[in-house]
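Open the structure in your viewer and keep the selection box at hand. The stops below tell you what to select and what to look for.

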Amino acid sequence: MTQAQYSAEQDGALQEWSLRPLALSLLLALAGLAVYFASHNADGNAMRMAFAAGAFFGPLALAFTLAADRWKSALVFASGVGLVMAGIAWRAASAGDRYVDASFWVAAGVLAITLSLPLFQAGFHKWRWRTDYKTTHFHVWTDAITGAGALAFVGLSWALILVLGELFRVIQIDLLSDLIKEQWFGWAFNGATFGAALGVLRNQLKIIGTLQNVVLLVLSILAVPLAIALVIFLLSVLVSGLDVLWEATRSATPLLLSIAVGCFVLANAVVRDDDENTSASRPLRMAGFVLALGILPLSVMASISMGTRIAQHGLSPERLWAIVAIAVAVAYGVGYFVSAIRGRKDGWRRYLRQSNLHLAVLTCFVAFLLAMPVFNFGAISTSNQLSRLESGVVSVEDFDFAALKFDFGDAGRDALKRLEQDDDPEIASLAAEAQALESRPWRGASTIARRNEIVSNVDLSAFNVEAASAIRAYLRDDISLCREGCRVFLLEQREDGQLVVVFTDRAWGPRYHLLLVPAQGGKALLQRVRGGYIGPADSNLSATAIDLVDSAAAEADETSEPQAEGVVELRPFIGQQVYVDGEPVGNPFK
C-alpha cells in the first residue's frame with residue numbers, strides 16, 4: 001500500500017455515513033440485550049460470562065471502527081476483540097478461589113484492546129512501524145472524546161425518560177415507568193442511546209479533530225504549575241533524601257505513579273501530534289520538556305519504594321502486578337528521557353512522538369500477554385515466600401501462614417499443606433492453625449504471633465474462664481474486631497444466656513454484638529448488630545446458651561464505667577415490633 005492509498009483509506013474512514021447512527025444504535029441495543037440474557041442469574045457460570053463479555057466488547061469495538069467502505073476489516077477486528085475478552089472472562093469466571101488475581105486478567109485485557117483500537121484505526125496492522133503518528137494521535141483523542149460524549153448523552157437520556165415516565169404516570173399510563181424498572185430494558189436503552197450518540201459524533205470526526213486541539217490547549221496550561229511543583233519536589237527529595245517520602249506516607253508507590261501519569265498526559269498535551277500544532281509559548285514548551293524528563297525519576301522512586309516493600313514482606317500477586325505497572329512506567333520514563341536528551345532543544349518532540357508509538361505497542365503486547373494463562377503470580381509469590389522462610393529472612397513467628405491460605409490461591413494452599421508435614425514442629429503447628437482459619441485475619445495482625453499477642457492483651461476480667469476462652473478463640477479468627485487498644489465489655493446477660501458484648505478500640509470505636517457459646521464446646525457464634533440496636537437472636541443459630549458470667553463479675557461491670565475512650569452504655573428503646581405466631585419478625589420501628 002502506497003502513502004496515497006493510506007491517506008485515501010484514512011479519509012474514507014472519516015467520511016460521514018448517514019446510516020451510522022441507526023446502525024450503531026441497533027447494534028449496541030442488541031448487544032445490550034445479549035449481555036443481559038447471558039449474565040442475568042448466571043451465578044458465575046463461565047460459559048455465560050464468556051458470552052456476555054464477547055457480546056459487550058465485540059460490538060463496542062465494531063461501533064468505534066465501523067465505516068461504510070471498510071466494514072470487513074472492522075468486523076474481523078471486532079470479532080477478535082470479542083473472542084479475546086470472552087476467553088479472558090471464561091478464565092476469570094472459572095478461576096474461583098484457585099487464583100486470587102482474576103480481576104487483574106480482565107483489567108489487562110481491557111487495557112490491551114483499548115490500546116489496540118487506535119492502532120488498528122491508524123492501520124498499524126498494515127504499516128507496522130511506518131504508521132503515521134499524527135493519525136494514531138488523532139484516533140486516540142477522537143475515540144476518547146466521542147466515547148465521553150456518548151456516555152454523557154446516555155445520562156441525559158435517562159434523565160429525560162425518567163421525567164417522561166413520571167409524566168405518563170400522572171395520567172395513569174404506567175407502561176414507560178414499568179419498562180424502566182426492567183433490567184433488560186436498561187441494557188437495551190443504554191446500548192441504543194450510546195450507539196445513536198456515538199454514530200452522530202463519529203460522523204463529525206473532522207470537526208472533533210479540530211476540537212481536540214482546543215481541548216489539548218486548555219489542558220496544557222496545567223503543565224506549567226505541575227512542572228514547577230515537580231522541580232521543587234525533586235530538589236527537596238535530593239536534599240532531604242528518600243526517607244522523608246517514606247515517613248510522610250505509606251502509599252508512596254501509587255502517589256508517585258499517579259504524578260508520573262499526570263506528567264505523561266500533560267507532556268503530550270504540550271507536544272501534540274506535530275510541531276505545527278505545538279504551542280508557540282516558550283513556558284509551555286519548557287514545562288513539557290521538564291515533565292518528559294521527570295517521568296523517569298518518579299518511576300525510579302516508585303520502584304525503590306516497591307523494592308523496599310518486597311524486601312520487608314516478600315512477593316504477593318498484587319505486588320507482582322504493581323511491579324509490572326512500575327516496569328511500564330520506567331520504560332516510558334527511559335523512552336521520554338532519551339528522547340528529550342537526544343533531541344535537545346527542538347528535536348526532542350519528534351523523538352518523543354516516535355517513543356509514544358513504540359511504547360504503546362509494547363504496552364499493548366505486555367498487557368495481552370499478562371491476560372493470557374502464561375504466568376501464575378500466585379505460584380511465583382508462594383515460591384518466594386517459602387524461600388524467605390527456609391533461608392531465615394523471615395522468622396517462623398513472623399511468617400504469614402494465613403497469607404498462604406487466603407492470598408495466593410491453590411499454590412499457597414498446597415504449600416500450606418506441605419508445611420503441615422514439616423519436620424519443624426513449630427512450623428507444622430502454625431501451618432495447621434492457619435489451615436483451620438475460616439476467614440482472613442486483619443492484615444495488620446496476619447501472623448499467628450501477632451494475633452496471639454493482641455488477643456492475650458485484651459482485658460476479659462468481667463468474664464469467667466470459659467467465656468473468656470470462647471471470646472479469645474473468636475478474636476483469633478476475626479482479629480479485625482480488636483485492632484489497637486482493644487477492650488471488651490459486658491453490657492447485658494439475658495435470661496436465655498445470650499451475652500450482649502461491646503468490642504471497642506481506637507480504630508473503630510464501640511460495636512455491639514450478641515455472643516452465643518455452645519454448651520458442648522465448639523466455636524462462639526457472634527452476630528453483629530446494626531445501628532447499635534440489640535435485636536432478637538437469630539433462631540437459625542443452633543446453640544445452647546449457658547451461664548458464662550460469674551455473678552460477681554457481672555455486678556462489678558454494672559457498677560463500673562468502661563475504661564475505654566468515649567462512654568459505652570445501654571439505653572432503653574421504645575418502639576413497635578411485628579410478631580407472627582408470637583415470634584418477632586424484622587427490626588423494631590417507632
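The tour starts with the whole chain and then goes from residue to residue.

**Whole chain**

Show everything as a cartoon. This is a predicted model. The protein has 23 helices and six strands. Of its 590 residues, 45% are buried. Switch on the surface: the accessible area is about 30600 Å², and carbon and sulfur atoms account for 61% of that area. Among contacts with a separation of 6 or more, 67% join residues 24 or more positions apart.

**Colour by confidence**

Now colour by pLDDT. The mean is 80. A value of 70 or more is reached by 75% of the residues. Select residues 517–522: pLDDT stays under 50 there. The model still has twelve contacts beyond four places in sequence for this stretch. Next select residues 526–566, where pLDDT also stays under 50. Here the model has 82 contacts beyond four places in sequence. Where pLDDT is low, predicted coordinates should not be read in detail. Leave both stretches in cartoon and move on.

**Trp321 and Phe377**

A search of the whole structure gives 16 aromatic pairs. Select Trp321 and Phe377 for one of them: the pair is edge-to-face, with 5.1 Å between the centres and 65° between the planes. Those are the two values that describe a pair of aromatic rings. Why does this pair count as edge-to-face? Its planes are 65° apart, and the class applies because the angle is over 60 degrees.

Zoom out a little. Trp321 belongs to helix 15 (residues 317–343), and Phe377 belongs to helix 17 (residues 377–391). The two residues are 56 residues apart, and the pair links distant parts of the chain. Are these residues buried or exposed? Trp321 is buried, at 10% relative accessible area. Phe377 is buried too, at 7%. Now add Phe104 and Phe375 to the selection: with Trp321 and Phe377 they form one aromatic cluster.

**Ser381**

Stay in helix 17 and select Ser381. What relative accessible area does Ser381 have? The value is 0%, so Ser381 counts as buried. Show its surroundings. Beyond four places in sequence, Ser381 contacts Leu315, Ser316, Pro317, Leu320 and Phe408. Look closely at Ser316: its backbone oxygen is 3.4 Å from a polar atom of the Ser381 side chain.

**Asp143**

Go to helix 7 (residues 133–170) and pick Asp143. This is a charged residue to check for burial: its relative accessibility is 9%, so Asp143 counts as buried. Which residues does Asp143 touch beyond four places in sequence? They are Phe64, Leu117, Pro118, Gln121 and Arg202. Draw a distance to Arg202: the two side chains make a polar contact at 3.1 Å. Then draw one to Phe64, which is 79 residues away along the chain. The C-alpha atoms of Asp143 and Phe64 are 7.4 Å apart.

**Arginines over rings**

Select Arg91 and Trp105. The charged end of Arg91 sits over the Trp105 ring, 3.5 Å from the ring centre. Then select Arg350 and Tyr351. Arg350 lies over the face of Tyr351, 4.6 Å from the ring centre.

**Helix 20**

Select residues 425–435, which make up helix 20. Its buried residues are Ile427, Ala428, Leu430, Ala431 and Ala434. Look down the axis as you colour them. An α-helix has 3.6 residues a turn, so residues three or four places apart point the same way. Now check the start of the helix. A side-chain oxygen of Asp424 comes to within 2.9 Å of the backbone nitrogen of Glu426.

**Two loops with positive phi**

Most residues other than glycine have a negative phi. Which way does phi go at the last two stops?

- Asn41 has a positive phi of about 55° and is not a glycine. It is in the loop between helix 2 (20–39) and helix 3 (46–65). Asn41 is exposed, at 55% relative accessible area.
- Arg128 has a phi near 55°, again a positive value in a residue other than glycine. Its place is the loop between helix 6 (124–127) and helix 7. Arg128 counts as partly exposed, at 46% relative accessibility.

Technical notes: Residues are numbered from 1 along each chain as its sequence is written. Side-chain values use heavy atoms; hydrogens and water are left out. Rings of Phe, Tyr and Trp (its six-membered ring) pair if their centres lie within 6.5 Å; planes under 30 degrees apart count as stacked, over 60 as edge-to-face and the rest as tilted. Helices (H or I, at least four residues) and strands (E, at least two) are DSSP runs, numbered from the N terminus. Buried means under 20% relative accessible area, exposed over 50%, partly exposed in between (1.4 Å probe, protein chains only). A charge sits over a ring if NZ of Lys or CZ of Arg is within 6 Å of the ring centre and within 35 degrees of the ring normal. Contact means heavy atoms within 4.5 Å. A polar contact is a pair of N or O atoms within 3.5 Å; within protein, one must be able to donate a hydrogen and the other to accept it, and residues adjacent in sequence count only if both atoms are side-chain atoms. Accessible areas come from the Shrake-Rupley method with a 1.4 Å probe; for residues, only the protein chains shown count as cover. pLDDT is the predictor's confidence in each residue, from 0 to 100.
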